[in-house]
Amino acid sequence: KLLAKAVILATGPSGRPIIPPELQSISRYNRRLLMWTHLKQELLADSKRILVVGGGLTAVQVVLKLIKLGKNCILCSRRPLVEKHFDIGLEWFDSRTSNKCMSEFYHQELSERFAALKQVRDGGSVPPIY
């Protein structure tokens, strides 16, 4: 039984929402289920208990924002949070190797680039500072 007045999805980049099967029965039209990009002040004013679904940086940032607003938040993720400084390797930030990384990346087909990004993200992560 869902006791939260609102469920906020922070399950990936903005665009088409990724809705976990367990939450698909909640209507997005009754304003209880929304994407993190559509946080509504009126919904937040009515809601004391909010469920945030996601396992990456965006989910953690949404929870921190809601806590500052005095909300009781629960963060739900399908796996334990992964703590990493960056989703990509440090060679992308090193001036001696970054141009090579970018060149190799942009010389791949679009589908290969998308697959590489998905693999390196591995579901997202949270920097240790959080």
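**Entry 1: helix α2.** I began with the length of helix α2, and at 1.5 Å a residue its twelve residues should span 16 Å, which agrees with the 17 Å that I found between its end C-alpha atoms. I note here that I am working with a predicted model. Which residues of α2 are buried? I listed Ala-59, Val-60, Val-62, Val-63 and Leu-66. When I looked down the axis of α2, these buried residues fell within an arc of 160°, so they line one face of the helix. Just past the helix I looked up Gly-70, which follows α2 and has a positive phi, near 85°.

**Entry 2: the sheet.** I then turned to the strands, and I reminded myself that strands of a sheet pair through backbone hydrogen bonds, either parallel or antiparallel. In what order do the four strands lie? I read the order as β2-β1-β3-β4, in an open sheet with parallel pairing. The edge strands are β2, residues 33-35, and β4, residues 72-76, each of which pairs on one side only. From one strand to the next I noted a twist that averages 25°.

I looked in more detail at β1 (residues 6-9) and β3 (residues 49-53), which run parallel and are joined by four bridges. As one example, I followed Val-7 across to β3, where its bridge partner is Leu-51. Helix α2, which covers residues 57-68, packs on this sheet and touches β1, β3 and β4, and I noted that its direction makes about 170° with that of β4.

**Entry 3: cysteines.** I wanted to know how many disulfides a search of the whole structure would find. The result was zero. For my own notes, a disulfide is a covalent bond between the sulfur atoms of two cysteines. I also looked up how accessible two of the cysteines are, taking under 20% relative accessible area as the cut-off for buried. Cys-73 has a relative accessible area of 17%, so I count Cys-73 as buried. Cys-101 has a relative accessible area of 11%, and therefore I count Cys-101 as buried too.

**Entry 4: Leu-117.** Last, I looked up Leu-117, whose place is in helix α4, residues 110-121. Is Leu-117 buried, exposed or partly exposed? I wrote down partly exposed, because its relative accessibility is 42%, and partly exposed covers what lies between the limits of under 20% for buried and over 50% for exposed. I also checked Leu-117 against Ile-88, which is 29 residues away along the chain, and their C-alpha atoms are separated by 8.5 Å.

Methods:
Residues are numbered from 1 along each chain as its sequence is written. This is a predicted model: local features need pLDDT of at least 70, side-chain atom pairs count only at pLDDT 80 or more; totals for chains, interfaces and linings use all residues. Side-chain values use heavy atoms; hydrogens and water are left out. Helices (H or I, at least four residues) and strands (E, at least two) are DSSP runs, numbered from the N terminus. Buried means under 20% relative accessible area, exposed over 50%, partly exposed in between (1.4 Å probe, protein chains only). Two strands pair if DSSP finds at least two bridges between them. Axes are lines fitted to C-alpha atoms, for helices over the stretch in contact, and angles run from 0 to 180 degrees between N-to-C directions. Contact means heavy atoms within 4.5 Å. The expected span of a helix is 1.5 Å times one less than its number of residues. The arc is that of the directions from the helix axis to the C-beta atoms. A disulfide is a pair of cysteine sulfur atoms within 2.5 Å.
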